[in-house]
Amino acid sequence: MIDDLNWAIGGEAGHGIDSTGKIFAQALSRAGRHVFTSKVFSSLIRGGYTSYKIRTALVPVQSVVDRMDVLIALTKRTVEENLSQLHDKSLIIYDGERTMMKDFELPRNMTGLNVPLQRLAEEAGGAIMRNIVALGATCAATNFPLSNLNGSLEKQFSRKGSEIVENNKKAALLGHNYILENYNPSDFGYILECTDATYVLLNGDEAIGMGAIAAGCRLYAGYPITPATAIMNYMQGRIEQFGGHVIQAEDEISAINIALGAARTGARAMTATSGPGIDLMTETFGLVSMTETPLVICNVMRAGPSTGMPTKQEQGDLNTMLYGGHGECERFILAPTTIAECFHKTVEAFNLAEKYNVPVYLTGDLSLAVTDQTYPPDEFDIESIQIERGLFLTKTSDLEPWLNSQGQFKPHADTEDGVSPRTLPGIEGGIHMVTGLEHDELGRRTEHPPTREKQVQKRKRKLKTAIEQENFDYREFGSPDSDILVISWGSNEGAIIEAIGQLEQKVRFLSFPYVSPRPDISETIQNASMVFVIECNASGQFATLLEHDSLTRVTRILKYDGVRFSADEIAKELNSYLLPEEVMLK
Amino acid sequence: MSTGANFADFKSDKKPTWCPGCGDFGTMNGILKALSNTGATPENTFFVAGIGCSGKIGTYIRTYSIHGVHGRALPVGCGAKIANPNLEVMVAGGDGDGFSIGAAHFIHAVRRNVNMTYIVMDNRIYGLTKGQYSPTSGTDLKTNTSPSGTHMPPLDPLALALSSQGTFIAQAFSSDLKRLIEILEAAINHNGFAFVNVFSPCVTYNKVDTYQYFRETLVDVNDIGHDPADYEAAKKLIFDHETEYQGILYQNPNSISYEDSHGLDSPMWKLPETPPEGIMNLLREFY
């Protein structure tokens with residue numbers, strides 16, 4: 001078992017929960033501890049319930065667990081919301097002087113640390129710092145050196161001036177000392193050790209943004225939507241340093257068309273959105289595919305359909321990404337399985353788009369988007385990234401093989417591997433048009449049956465070429481020889497890895513970062529004794545795909561309540577199939 | 001006068017399939033003449049065409065071009081210009097494309113003021129779908145879908161552009177080629193989003209907004225001594241719904257394009273051979 005500590009701060013929207021959580025996560029990361037965070041939030045600016053949970057350990061942690069060790073409760077509801085996860089040794093830090101916590105009664109025999117957060121914050125220079133007082137109290141209660149928190153406060157507030165930094169440090173110290181003066185932390189049994197390891201701490205949206213800029217994305221067009229907005233926020237202020245630009249469009253239709261326009265001039269361009277935006281972009285997606293324009297469309301999934309649950313987890317858009325749009329058009333669908341993979345797959349998405357002149361759906365989800373996780377910095381090898389631009393012709397002299405007898409450039413040249421050349425406006429001799437209409441090699445409209453057939457086949461052939469040339473493989477974990485197969489796609493990987501570690505039986509786990517094209521595992525499925533497909537939607541969209549591929553039924557483990565899988569949940573579900581009934585009853 | 005290509009260089013080898021007499025012929029000729037007069041070259045011009053009869057223009061001209069989805073030509077042009085400010089970006093479409101399905105983009109393209117030229121080939125009818133009313137059809141226009149008239153006032157594109165703080169608002173007539181070329185040249189030279197609504201009569205489905213109608217009724221702003229820089233005077237003409245005007249109704253002489261206000265002056269397509277300086281700072285932030 002992992003020797004971990006689960007900490008959270010909870011309150012209402014507007015209480016600064018998110019930034020407080022991030023400051024503590026940063027402090028832990030800087031102390032050489034691994035961190036995996038999760039959030040609960042709603043679509044509102046004030047009120048409701050919101051929390052930021054951190055799981056920290058000395059070894060890498062990659063999922064949430066259903067346990068709460070230390071809880072900062074700014075409201076009584078915070079305690080109610082976490083009741084099932086609290087245990088006898090849990091600590092609850094609260095401010096008994098606040099009306100929000102009036103008449104608060106400790107559940108069962110947990111330890112309550114009643115700290116006058118507000119009063120101490122005012123003493124330090126302002127009530128706004130009460131969460132920082134609570135972080136100071138946390139440090140004392142968990143034997144975590146305050147210096148780490150101070151470092152994090154400096155990072156967070158240095159832009160606001162030294163007075164603000166000092167006040168926050170004072171607030172933390174007051175909270176810290178209050179615990180030491182009034183309680184005996186050694187009774188609690190929590191010790192957060194530090195190491196010399198260096199980690200970076202980032203979330204999936206940031207990893208995608210960093211990957212995009214590193215991959216040479218120079219135009220980002222987007223429209224605000226949860227949970228993809230963070231990508232746009234990340235790009236803004238950073239992409240400009242490398243000659244790029246962020247444009248906030250009037251809607252998602254405009255966003256994808258702006259990105260398309262930029263891509264037609266040869267720029268690496270991208271848009272990111274969530275389900276409702278994907279719906280709006282679908283018509284243009286067909287145009288992008290038909291005109292053979294390289295483009296990356298990022299879909300940070302949330303719970304649908306319609307407005308659904310905008311701040312909740314789901315992997316419900318697989319079908320719409322696979323089949324969305326009228327007619328039949330080529331596409332790639334990548335689904336990074338971890339936050340680090342968000343970075344790597346983004347780079348790969350840009351390369352695939354340009355090598356095959358195909359739009360790429362880069363799929364994240366809410367869980368990846370809002371989770372901050374630690375990694376060794378060398379996981380993000382920015383300087384050794386390979387940028388592959390495909391058959392991108394930027395000199396007139398390179399166009400020669402691609403001209404017809406009249407000297408006209410053929411943007412849809414019918415090649416053996418299906419891949420046609422790409423040039424850009426400004427290049428002499430490369431003038432051509434592209435259109436969403438069926439076209440000939442020159443890009444001119446046609447309804448001539450043999451030409452139509454040739455172009456359809458050519459576009460399909462590109463995917464075949466990609467399958468031959470690229471390594472669209474799964475990631476494998478667990479026991480390679482086991483004939484019990486666990487399969488998933490996208491963000492569930494970390495929770496499943498931890499879950500299978502808890503099982504008595506050995507299982508083989510295949511994690512799919514490629515949805516389309518995807519590795520063919522039909523034989524593996526056919527030969528397995530049991531096949532479990534785990535995903536966050538109600539019908540098992542990926543399971544259906546695999547059943548279709550392998551003509552074999554699989555067992556679905558599904559979740560669609562808006563909350564990501566925890567490792568414990570998955571282990572319990574798998575055990576319900578794998579363990580004899582009498583063991584389960586115990 | 002011309003330093004770039006000549007008119008014929010901008011013509012493709014495809015013959016237009018527009019109905020004989022269609023206003024789009026004149027509008028297209030005007031566009032090509034204006035382009036060659038301003039020194040543009042086919043290589044450096046990026047042309048975005050909408051969907052509809054007018055959208056076919058992309059096939060008949062010889063420049064880099066894209067024929068996109070219905071109503072979304074403006075965002076494509078906007079993205080192209082931002083990603084490569086060296087290009088001469090031209091967008092052309094019809095009244096349905098621009099003012100109905102694409103109306104939201106029109107308003108925001110006007111506000112954004114990207115340095116490009118938007119030509120609406122306005123025939124006040126849906127032609128390619130064989131005669132339904134368009135957003136600029138008159139209240140009494142009888143069509144397939146408005147057998148007793150539309151019972152709606154027509155959309156006023158000039159007023160819409162003015163209220164969206166447009167910096168260049170003009171109207172022209174496909175059959176007055178001399179004025180059309182002059183106006184389009186000014187539009188191309190304008191530093192910002194230049195909107196030119198060009199009456200391009202549909203000879204098949206619109207028997208009201210005909211060549212004869214425009215010839216008899218259009219008043220040229222030059223003939224009434226209008227100063228396009230005079231906002232109040234422009235407002236008066238644009239909201240005068242008794243008279244239809246030809247010419248530059250409004251041009252903000254102090255227009256600053258989106259690219260200029262964002263410091264965008266280089267093409268974005270070229271990527272360095274080695275990782276750019278400062279790229280590791282992206283990672284350092286997360287320590």
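**A sheet shared by two chains, and a domain contact**

Guide: In this predicted model, nine strands form an open sheet of mixed pairing, ordered β15(A)-β2(B)-β1(B)-β3(B)-β4(B)-β6(B)-β5(B)-β8(B)-β7(B). Residues are numbered from 1 along each chain as its sequence is written, and chains are lettered from A in the order in which they are written. Local features need pLDDT of at least 70, side-chain atom pairs count only at pLDDT 80 or more, and totals for chains, interfaces and linings use all residues.

Visitor: Why do β15 of chain A and β7 of chain B stand at the edges?

Guide: β15 (433-435) of chain A and β7 (219-220) of chain B each have a single partner strand, so one side of each is left without a neighbour in the sheet. Strands here are DSSP runs of E, at least two residues long, numbered from the N terminus.

Visitor: How do you know that β15(A) is joined to β2 of chain B?

Guide: Two strands pair if DSSP finds at least two bridges between them. Three bridges join β15(A) to β2 (residues 64-67) of chain B, and the two run parallel; the pairing criterion is therefore met. T435(A) stands opposite H67(B) in β2(B).

Visitor: What makes up the contact of domain 2 with domain 3 in chain A?

Guide: Domain 2 (202-384) and domain 3 (396-469) of chain A have bounds from an automatic or database domain assignment. The contact takes 11 residues from domain 2 of chain A and 15 residues from domain 3 of chain A, counting residues whose C-beta atoms, placed from the backbone, lie within 7 Å. On the domain 2 side, the largest share, three residues, comes from helix α10 (residues 275-290) of chain A, a helix being a DSSP run of H or I of at least four residues.

Technical notes:
Contact = placed C-beta atoms within 7 Å.
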